[in-house]
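Visitor: Hi! I have a new model open and would like a hand reading it. Can we go through it together?

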Amino acid sequence: MNSAVTDLGKTPSSSIPGAHSFWVQIVAMICLTVVLSLVLPFMKTWPQEWIVPIKGWVTQFFTWLDKEAAIGSLKFKTVTRSISWLLEQPLDWAEYILYRGIKARDLPAMFWIFLPVIGLSVLHTKFGMRRCLMVVATIWAISLADNVLFQFGLFELPHTAMEALGVKKLDALPWIVIVAGAGILGHWIGGWKLALFSAGCIGYLAVMGLWRDSMRTFSIVLVSVPFAVGLGLGLGIWVTRSKRAAAIISPMFDIMQATPHMAYLVPVVVLFGAGQVPAMIATVIFAMPPMARCTILGIQTVSSDVEESGRMSGCTPRQLLWKVTLPSSQRILMLGVNQVVMQTLAMVVIASMVGAQGLGHKLLFSLQQLRLGAAVEQGLAIVLMAVVLDRLTQAYANRAPGELASRETGWKAKKHFWIFLAVAVAAYLLAQFVPLVEKYPRAYTFTLGRNIDFALRAFSKHAYDYINPVRDFITIYMLIPFRDFFLWLPWTTVIGVVGLTAYWLGGIRTTLLTTGLIGFVILITGNWEQGVLTLYLVTSAVILCVLIGVPIGIWASRSDRAARAIMATCDTLQTFPSFIYLIPVIMLLKVGDLSNVIAILAYATVPAVRYTYLGIKRIPDVTIEASIANGTTPFQRLWKVELPIALPEIMLGINQTIMMALAMTAITALIGSSDLGQEIYRALPTADSGRGIMAGLGIAVIGIVADRLIQAWAAERKKQLGIN
Amino acid sequence: MAVDAQIKCRNIWKIFGADPEAFMQRYNGKPTADDLAQEGYIGAVRDVSFDVHKGEILIIMGLSGSGKSTIIRCITRLNDPTAGAVEYEGRNLLKATPQELIEIRRHKMGMVFQSFGLLPHRTVLSNVAFPLEVQNLDQLEREKRAMEMIELVGLGGRENYFPRELSGGQQQRVGIARSLAVEPDIWFLDEPFSALDPLIRAEMQDEFIRLQQMLKKTIVFITHDFEEATKLADRIGIMKDGQMVQLCTPEEMVLNPADEYVAEFARNAPRDRIVSAAAIMKKSTAKTPPRVSGASVLANTKIGEIAEQVINSEVPTPVTDAAGMLLGHVDRERITKALFGKGDIV
């Protein structure tokens with residue numbers, strides 16, 4: 001500790017205790033491993049014959065699970081198929097209501113029970129999260145029971161009755177109802193501005209002629225979100241209750257959050273096949289961890305006075321949880337729901353790779369055919385949906401506690417619901433006579449696709465003359481040499497340097513963890529080259545992210561007006577699903593390494609900006625005033641006072657940038673690359689689960705190693721600076 | 001004097017550390033401060049015993065970290081003590097099952113918290129009715145009872161406000177109303193006024209005195225403010241480093257502080273409101289006290305109240321008991337020393 005303090009005085013830019021000897025050791029390690037690898041080739045490249053066929057084992061395991069595994073006479077496959085069937089039921093309902101309409105013969109008897117249940121629960125005066133979950137569970141249970149009864153030919157009355165009346169099909173909700181619904185919801189949560197915004201955005205989906213696809217995507221979101229929220233809430237509560245659960249589940253979440261979206265698809269395809277339901281399963285699993293994290297955080301941050309007052313009021317543990325702890329952390333929980341919704345949407349788009357219909361599917365198709373105009377519009381539709389859902393859930397979360405419990409009584413307390421009901425009924429009836437109400441007429445759709453295509457063609461004709469040379473120059477003279485350098489690096493050097501850094505930052509345990517992960521997951525599985533290429537793409541992008549993001553963050557910290565605009569842009573950019581960023585990149589740069597780097601850059605710069613801004617803003621005013629009083633120039637103040645103090649915070653931002661960059665590398669595989677992301681992408685159609693999973697885990701490992709090192713550094717540095 | 005002990009705390013220990021039970025066993029249940037320090041354990045409460053009398057206001061005082069908050073949480077079992085016994089209605093609270101504990105809290109105990117502990121998503125009414133709600137009391141009945149409590153603490157008309165719409169003092173009134181809603185036998189208050197600014201604090205103290213005159217609860221009150229303690233207490237217990245240093249009436253504490261630590265607190269005490277005439281009078285030597293006629297003061301009157309009379313009188317003022325019998329005399333010199341002297345009172 002003593003050396004740390006003196007060191008802090010001498011070299012403010014470096015925080016590792018005994019930094020001098022650290023660098024000496026790093027250089028020594030590099031020299032040693034490079035020289036050794038020149039003499040002993042196996043120290044440079046991991047020999048082919050030493051590769052452990054872990055991928056094959058994983059594939060075999062999944063094939064075994066799918067084909068042979070059984071508990072007694074119950075085959076595992078039966079279990080997975082049953083799960084699929086169970087999940088299909090609510091999804092069907094969402095689709096019936098949102099866009100498909102329901103044929104009389106599909107209409108089960110319980111439909112008549114199902115409606116009043118929803119109605120009653122909405123009308124109930126205190127409509128809390130608990131009741132929400134109960135309603136969802138009830139609807140689900142009913143629709144299941146219903147299906148079973150229907151299979152046995154019971155309760156056929158309603159559809160016979162309907163057929164007798166000559167009604168063949170009940171229509172889905174007219175588009176106008178859904179647009180109005182978005183508006184009414186917006187008004188209830190955030191007033192007129194939000195109402196117009198939501199209704200406008202959702203309405204525009206119809207104008208673009210993407211209504212059906214949008215509703216397809218929305219159906220999956222609508223059904224996945226309650227599942228992910230319920231699951232996350234349950235796991236989160238469990239973690240706070242049981243130390244053992246915490247020990248198992250918390251590290252699992254770490255890995256899950258570092259694993260890119262696409263890696264989830266591979267095992268799901270193997271076990272559940274392709275289509276909407278597997279997409280939903282992958283989505284739920286992927287979107288659940290943030291909810292669990294928010295639940296844990298929410299429960300842990302409830303003030304002890306509130307919790308104790310609940311206990312002293314004589315709450316049973318269950319009452320304490322549902323009436324005190326969870327409602328008191330409502331804000332954090334709602335932020336969790338917000339994250340779930342955003343993650344769900346991002347994943348639903350990507351899940352189009354396993355055959356989920358909807359906007360993502362259309363977008364993927366357009367991208368593959370390089371129909372960029374259409375891609376832009378489909379991307380816009382996804383963005384609109386994302387932004388609306390984000391604004392709605394955020395506005396809900398940011399309401400003051402208790403604001404939802406209206407003081408008004410009677411019908412006024414529920415006026416939004418009644419108005420919606422009136423609009424729905426009126427529109428539904430009107431739709432039988434006026435087609436415009438039911439479906440947005442094709443003739444009125446207004447797409448810019450063709451125009452965009454045309455404009456792009458014109459643009460490329462002229463601009464590519466300028467863009468191409470720049471692109472080629474950067475690719476040939478900067479990216480390729482950089483890549484070759486990474487590929488040349490002996491594995492011993494990489495692992496040696498990581499291990500040594502880990503030792504200085506976090507001790508022997510960190511060294512064992514990081515080197516062990518890299519060794520077992522990337523090196524001996526034969527993924528080294530792809531891993532290094534991933535590292536190269538991410539490193540290039542992150543360097544650019546920092547070069548661009550940090551100055552923007554500094555600029556924001558200098559001017560409040562700039563800060564407002566920049567932070568608003570950051571917020572909006574973060575709601576876009578990662579997929580979207582591919583569109584402009586392909587438009588401008590076509591495919592190639594530079595496109596990958598730029599796509600990653602576009603997606604991952606936000607945290608670097610945000611954390612730089614926050615890091616500088618959080619420096620106490622006194623410190624700044626003191627440095628001004630000491631006679632610093634603005635530049636000196638930035639360089640000698642603000643940046644060093646904000647550095648730990650900025651590094652945490654860079655940490656997030658790395659995570660997002662890694663997630664994006666998997667997506668950029670779509671436009672061609674040869675890294676781990678590409679491995680996952682290739683594994684998808686062949687359902688080669690071992691290949692896909694190990695590649696996904698490889699990306700996760702890079703993320704976890706970077707995370708551990710940066711967190712350890714930032715924690716140590718913050719301790720030295722006395723920042724909490 | 002036979003007093004009814006409502007709660008008897010016996011040899012309570014609360015130790016924080018890796019394995020407190022095993023640690024206690026190693027030292028036969030009596031580790032010293034050195035033992036604790038040596039093994040890296042923290043003794044938040046060390047071997048504390050005391051009674052809480054029925055209907056009294058017992059104030060436990062100490063600086064932060066002295067264990068005063070921990071001891072109140074040991075009695076209410078918000079924290080489980082490492083060792084000891086808390087006797088209430090003839091049984092050991094520390095042996096109560098979770099179900100029994102919930103029942104006791106639902107009917108016998110009420111507690112007020114420093115930062116109020118209100119539920120932010122509920123109105124005043126719903127907050128106050130909360131302890132009744134968790135007992136599954138019928139909605140009409142619990143809201144009726146809650147309204148009574150709200151009126152009692154002077155918040156009538158604000159029952160539909162949310163906590164965030166109230167000032168700190170008003171929020172604590174809600175906390176008080178909630179803690180009284182179950183009509184508890186024992187009322188615990190954990191630094192209830194510490195989070196309020198001085199003016200509001202004084203107002204709330206007066207409010208508290210008013211309520212106690214009506215309700216006559218048995219009260220355990222935690223504070224770090226000696227003035228507050230002397231203003232409200234029947235008895236004061238001073239804690240230091242997890243131990244109860246002295247437990248007695250404010251007057252005794254001022255007259256006979258147990259050690260330097262207590263004396264330090266007592267030095268700044270408002271003597272005029274604590275010390276009574278009997279404590280500073282020159283005792284009468286007469287075998288059979290004569291009846292006094294003319295100007296005199298009662299023995300239990302606080303000296304602040306008699307100061308003017310004594311100082312204006314040319315002769316020593318007689319002190320009598322309730323029957324008017326002479327007990328002693330107070331003169332100018334004695335009262336001046338008691339009121340303004342730096343050292344001893346007598």
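Visitor: How many residues does each chain put into the contact?
Guide: The contact takes 22 residues from chain A and 24 from chain B. Two residues are in contact if their C-beta atoms, placed from the backbone, lie within 7 Å. This is a predicted model, where local features need pLDDT of at least 70, side-chain atom pairs count only at pLDDT 80 or more, and totals for chains, interfaces and linings use all residues. Residues are numbered from 1 along each chain as its sequence is written, while chains are lettered from A and ligands numbered from 1 in the order in which they are written.

Visitor: Which helices of chain A each supply at least two residues there?
Guide: Helix 14 (304-312) and helix 15 (317-328) of chain A do. Helix 14 of chain A gives the largest share of that side, six residues. Helices (H or I, at least four residues) and strands (E, at least two) are DSSP runs, numbered from the N terminus.

Visitor: And what classes of residue are on that side of chain A?
Guide: Eight are nonpolar, nine polar and five charged. Here Ala, Val, Leu, Ile, Met, Phe, Trp, Tyr, Cys and Pro count as nonpolar, Asp, Glu, Lys and Arg as charged, and the others, Gly among them, as polar.

Visitor: Switching to chain B, what is it built from?
Guide: Chain B has 15 helices and 14 strands. Its C-alpha trace spans about 65 × 60 × 35 Å along the principal axes. Of its 346 residues, 44% are buried, where buried means that 20 or more other C-beta atoms lie within 10 Å of a residue's own, exposed means 12 or fewer, and partly exposed is in between, with C-beta atoms placed from the backbone.

Visitor: In what order do the four strands of the open sheet in chain B come?
Guide: The order is 2-1-4-5, with antiparallel pairing. Two strands pair if DSSP finds at least two bridges between them. Strand 2 (42-53) and strand 5 (91-92) of chain B are at the edges with a single partner strand each, so one side of each has no neighbour in the sheet.

Visitor: How many bridges join strand 1 of chain B to strand 2 of chain B?
Guide: Eight bridges, and strand 1 covers residues 5-16. As one example, B:Ile15 stands opposite B:Gly43 in strand 2 of chain B. Strand 1 of chain B is also joined to strand 4 of chain B, by five bridges, and B:Ile7 has B:Tyr88 as its bridge partner in strand 4.

Visitor: What lies between strand 4 and strand 5 of chain B?
Guide: The two strands form a hairpin with two residues between them, and B:Glu89 in the turn has a positive phi of about 50°. They pair over two bridges, and B:Tyr88 has B:Arg91 as its bridge partner in strand 5 of chain B.

Visitor: Back to chain A: where is confidence lowest?
Guide: In helix 1 (residues 2-10) of chain A, at a mean of 40, while helix 24 (residues 528-558) of chain A is highest at 92. That score is pLDDT, the predictor's confidence in each residue, from 0 to 100. Chain A averages 82, and 87% of the residues score at least 70.

Visitor: Is helix 12 of chain A mostly covered or mostly uncovered?
Guide: Mostly covered, since 12 of its 12 residues are buried. Among them are A:His261, A:Tyr264 and A:Phe272. Just after helix 12 of chain A, A:Gly273 takes a positive phi of about 80°.
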